[in-house]
Amino acid sequence: MPLEGAARIVSELTSRGYNAEREAVTKIASAENPPAVLDRVVDELPADALVVRTTHVDAVLTAATHPSTATDPDRPSEPLDSKQGAARNGTPSSASTGVETANTHDSAGDSPVETGGSHIDREVDLSKRSLEIAGDMTGQSTGTGAYEDFVSVFRDRLDRLGGKLRGRVNHRPATAIQSMPGGSEAGMVGLVNDIRSTASGHWLIELEDATGTFPWLVMKDREFADLVDQLLCDEVLAMEGTLSDDAGIAFVDSLYFPDVPRTHEPSTADRHVQAALISDVHVGSQEFMADAWNAFADWLHTEQAQHVEYLLLAGDMVEGVGVYPDQDDELDIVDIYEQYEAFNEHLKRVPGDLDIVMIPGNHDAVRLAEPQPGFDETLRDIMSAHDPQIVSNPSMVTVEGVSVLMYHGVSLDEVIAELPEEKASYEDPHKAMYQLLKKRHVAPQFGGHTRLAPEEKDYLVMDEVPDIFHTGHVHKLGFGKYHNVLAINSGCWQAQTEFQKSVNIDPDSGYAPIVDLDTLDVTVQKFS
């Protein structure tokens, strides 16, 4: 079967064990005889090449105009060399069809996995795709840990989130309120500095701004008193109320979060296209579910998945080393670089025409403090299958007009620990995500379990409302909508470890949420 279009070329190169630069694929597809050019390019690649680059294609195309130095590039296409593909990635290719044949064995030689569907030659129009990244702070880190860095990050947070609140109250700085007479109406926007209950069961909340602090009293019988249970230190809040007679405190009449507007209307794609949202693969763990991953990768090659054109991975590609006590006893691969090499082999199994975006997580080989820059060049070179875009945690990814806020999700542990169970729990992780959307910050509380890096800018603020909020980390599957924002926690690809048993975590493993980008509807595919 002749090669027709860029998608077929990507699939063909993948079956032979190669990745390719986009421009290289475009040039092959534009040639007079794409199958012949592709064969010649592969034949003339250096022995150690893993990526077909534009220079390789240019050399073949140039040689085609000089018959004395090269054979005719318009010769009939030769059968595919299945031995060549098998030698590169264990995936033989089909000489009769030119379509990638699925490798249903993992790198350790496990038994085949039934996928329930036959493989097809995916027909994808790459020209219709669009993918943009915003908020990637990789290479932008300036924090040194100095006191001034902490001041800068909190001032930036207050300025940006406070700007969303100052129009809702008659805002006055803390020092100005301190000089107002008793009985005056007052409003303030600030960071939550302290939360404590009084002997009478009321709540005293101390707000802080750039000028100082001021105490606000929430009476226990007010209709909004239950909102106090949802507060975290260091989040930005607005309050208004009446000063006491001595002007030493203000009685709260209303409080406001930055929040997502109830009128928010999400954007959608203008064609039927889907994205797979996954996280927490944990290659290298003895509990990594290779069979489930292989079934997922094989499913992506079927007709049922023909509209899945994007794969978004929200961190923890590998199990890592030394992440928790006695982890070495649960590792199948003890070298961190070998873990990433194994992950890359598993990534090769998915269709080569997918656009892939990855962010790091707390098990990955990057700094633990958030925001986490994307992987260094060594790891990027290792994880090169299908040329993924690797960005920081968090980052905003806009896919065909649909904005997806990708955040690994370490702060969810803190939200779940601090807030009432009906508002945040491991069984319903998306509800904890609702709280972050309400606060318009992915990790508001400083000094708790979540490690935060002070920078000149607070990269964890949600300036823009995302259409989709995608997290992982807690190994639980959950999704729902908050003010029309789709929140998804995507589960994991790791069975329960001994450590998880010790802390009573029962993971949701082997699930892949699939989002229709034209409707924001979600279906969940189960592979375990």
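These are short questions and answers about helices and cores in a predicted model.

Reader: How do you know that the length of helix α6 fits its number of residues?
Author: Helix α6 covers residues 147–162, which is 16 residues. The expected span is 1.5 Å times one less than that number. That gives 22 Å, and α6 reaches 22 Å from its first C-alpha to its last. So the span is close to the expected one.

Reader: Why are D149 and V153 of α6 called buried?
Author: Buried means under 20% relative accessible area. D149 and V153 are on the buried list of α6, so each falls under that cut-off. F154, D156 and R157 are also among the buried residues. What covers them includes β4 (185–197), β5 (203–209), β7 (236–243) and α12 (429–439).

Reader: What makes the contact between α3 and α4?
Author: Helix α3 (residues 34–43) and helix α4 (residues 54–64) pack at about 115 degrees, with axes 9 Å apart. V37, R40 and V41 of α3 meet H56, V57, V60 and L61 of α4. Five of these residues are nonpolar, one is polar and one is charged. Arg counts as charged, so R40 is the charged one.

Reader: Why is the set with W293 and F296 called a nonpolar core?
Author: A nonpolar core is made of buried residues such as Trp and Phe, joined through side-chain atoms within 4.5 Å. W293 and F296 belong to the largest such core, which has 41 residues. Helix α8 gives the largest share, seven residues. Apart from this core lies another, of 27 residues, including Y407 and I416.

Note on methods. Residues are numbered from 1 along each chain as its sequence is written. This is a predicted model: local features need pLDDT of at least 70, side-chain atom pairs count only at pLDDT 80 or more; totals for chains, interfaces and linings use all residues. Side-chain values use heavy atoms; hydrogens and water are left out. Helices (H or I, at least four residues) and strands (E, at least two) are DSSP runs, numbered from the N terminus. Buried means under 20% relative accessible area, exposed over 50%, partly exposed in between (1.4 Å probe, protein chains only). Contact means heavy atoms within 4.5 Å. Axes are lines fitted to C-alpha atoms, for helices over the stretch in contact, and angles run from 0 to 180 degrees between N-to-C directions.
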